[in-house]
Amino acid sequence: MLRFGLSFVLITMISSPVLALDNAKLEKTEKSCIEESASSSPEERISNCTNWVDNAPDHLHAKAYYDRGNAYLDAQKLDLAVADYSQAISLKPDFKDAYYSRGYARHDLGDYDHAIEDYDAALKLVPDDVDSLYGKAYAYQKKGDLDAAIAGYTAVIRLKPDYPTAYYNRAIAYNAKGDTENATRDALEYERQKAKNPQ
């Protein structure tokens, strides 16, 4: 009986022209937030994102905060980005991308310990997330924990052997430790990969 009732409601909702109009408007609101080209300035994009946050339905609220966090991050308003990512996480505790992005913003703020915590949270949700592994390794490198950085870059390379910047930064870490042999090997691999796939 319940299944029939839900199906009937769903059919009614889909066939409603008012709802279709609302969905189109909502899609436009979301698009004006997530597409940089939809705005003439970072401030306009943030304003569009605030409109998206204010109008998103409950099941998309976490994503709306995440999207505005990205707009703040792109505008280098890092504290506001962290606040929006935190709001997204509070609404959706398994939001891996929000943990990663908050880690990225915290890293840019120089808050390496909390960035590492966020990358770890993302990795608990998706253990082979290369971006989170790389971000964590780089945060360790910025902290001066070269062994942890090298271990992190090695984990990245194991998952994605064609990741040039992992070789580059591992070379720097090896060099800082005085391990010129491994530093040279990684530097040569970085150059080989860059020559193979020039940007």
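Helices, in the account that follows, are DSSP runs of H or I with at least four residues, numbered from the N terminus. The structure described here is a predicted model, and the account begins with its aromatic residues before turning to charged pairs and to two of the helices.

Within helix α8, Tyr134 and Tyr138 are 4 residues apart and are therefore separated by about one helical turn. This spacing can be set beside a general property of such elements: an α-helix has 3.6 residues a turn, so residues three or four places apart point the same way. The rings of Tyr134 and Tyr138 are among the aromatic pairs of the model, of which the count comes to 8; the two rings are stacked, with 6.3 Å from centre to centre and 15° between the planes. Tyr134 is buried, its relative accessible area being 16%, whereas Tyr138, at 30% relative accessibility, counts as partly exposed. A further pair is formed by Tyr134 with Tyr153, whose ring centres are 5.7 Å apart and whose planes stand at 55°, so that this pair is classed as tilted. The contact between Tyr134 and Tyr153 links distant parts of the chain, since Tyr134 belongs to helix α8 and Tyr153 to helix α9 (residues 146-159), 19 residues apart. Both Tyr134 and Tyr153 are buried. Taken with Tyr163, these residues belong to a cluster in which ring pairs link Tyr134, Tyr138, Tyr153 and Tyr163.

Helix α8 also holds Ala137, a buried residue with a relative accessible area of 0%. When residues up to four places away in sequence are not counted, Ala137 touches Ala149, Gly152 and Tyr153, the last of which is also the ring partner of Tyr134. The C-alpha atoms of Ala137 and Asp147 are 9.5 Å apart in space, while the two residues are 10 residues apart in sequence.

Charged side chains provide a second set of links. In general, side chains of opposite charge can pair when their charged atoms come close, and the structure holds 15 salt bridges. One of these salt bridges involves helix α8 again, for Lys136 is paired with Asp120 and their closest N and O atoms are 2.6 Å apart. This pair, too, links distant parts of the chain, with Lys136 in helix α8 and Asp120 in helix α7, 16 residues apart. Lys136 is partly exposed at 22% relative accessibility, and Asp120 is likewise partly exposed, at 27%. Elsewhere, salt bridges that share partners join Glu30, Lys63 and Asp67 into one network.

Another salt bridge is that of Lys96 with Asp129, in which the closest N and O atoms are 3.2 Å apart. Because Lys96 lies in helix α6 (residues 96-108) and Asp129 in the loop between α7 (112-125) and α8 (130-143), the pair ties together parts that are 33 residues apart in sequence. Lys96 and Asp129 are both buried. The salt bridge between Asp94 and Lys92, with 3.1 Å from N to O, has a different setting with respect to accessibility: Asp94 is partly exposed, at a relative accessible area of 47%, and Lys92 counts as partly exposed at 36%. Lys92 additionally lies over the face of Phe95, at 5.5 Å from the ring centre.

Two helices may be described in terms of their burial. Helix α3 (residues 42-55) has 14 residues and reaches 20 Å from its first C-alpha to its last, close to the 20 Å expected at 1.5 Å a residue. The buried residues of α3 are Arg45, Ile46, Asn48, Cys49, Trp52 and Val53. Seen down the axis of α3, these buried residues fall within an arc of 160°, and they therefore line one face of the helix. On the other side of α3, Glu43 and Asp54 are exposed.

Helix α4 (residues 61-74) also has 14 residues, and its reach from first to last C-alpha is 20 Å, close to the 20 Å expected. Of the 14 residues of α4, 11 are buried, so that this helix is largely enclosed by the rest of the structure. The buried residues of α4 include Ala62, Tyr65, Tyr66, Arg68, Asn70, Tyr72 and Leu73, and among them is also Asp67, a member of the salt-bridge network with Glu30 and Lys63. Helix α4 is followed by Gln76, the phi of which is positive, near 60°.

Methods. Residues are numbered from 1 along each chain as its sequence is written. This is a predicted model: local features need pLDDT of at least 70, side-chain atom pairs count only at pLDDT 80 or more; totals for chains, interfaces and linings use all residues. Side-chain values use heavy atoms; hydrogens and water are left out. The expected span of a helix is 1.5 Å times one less than its number of residues. Buried means under 20% relative accessible area, exposed over 50%, partly exposed in between (1.4 Å probe, protein chains only). The arc is that of the directions from the helix axis to the C-beta atoms. A salt bridge is a side-chain nitrogen of Lys or Arg within 4 Å of a carboxyl oxygen of Asp or Glu. Rings of Phe, Tyr and Trp (its six-membered ring) pair if their centres lie within 6.5 Å; planes under 30 degrees apart count as stacked, over 60 as edge-to-face and the rest as tilted. A charge sits over a ring if NZ of Lys or CZ of Arg is within 6 Å of the ring centre and within 35 degrees of the ring normal. Contact means heavy atoms within 4.5 Å.
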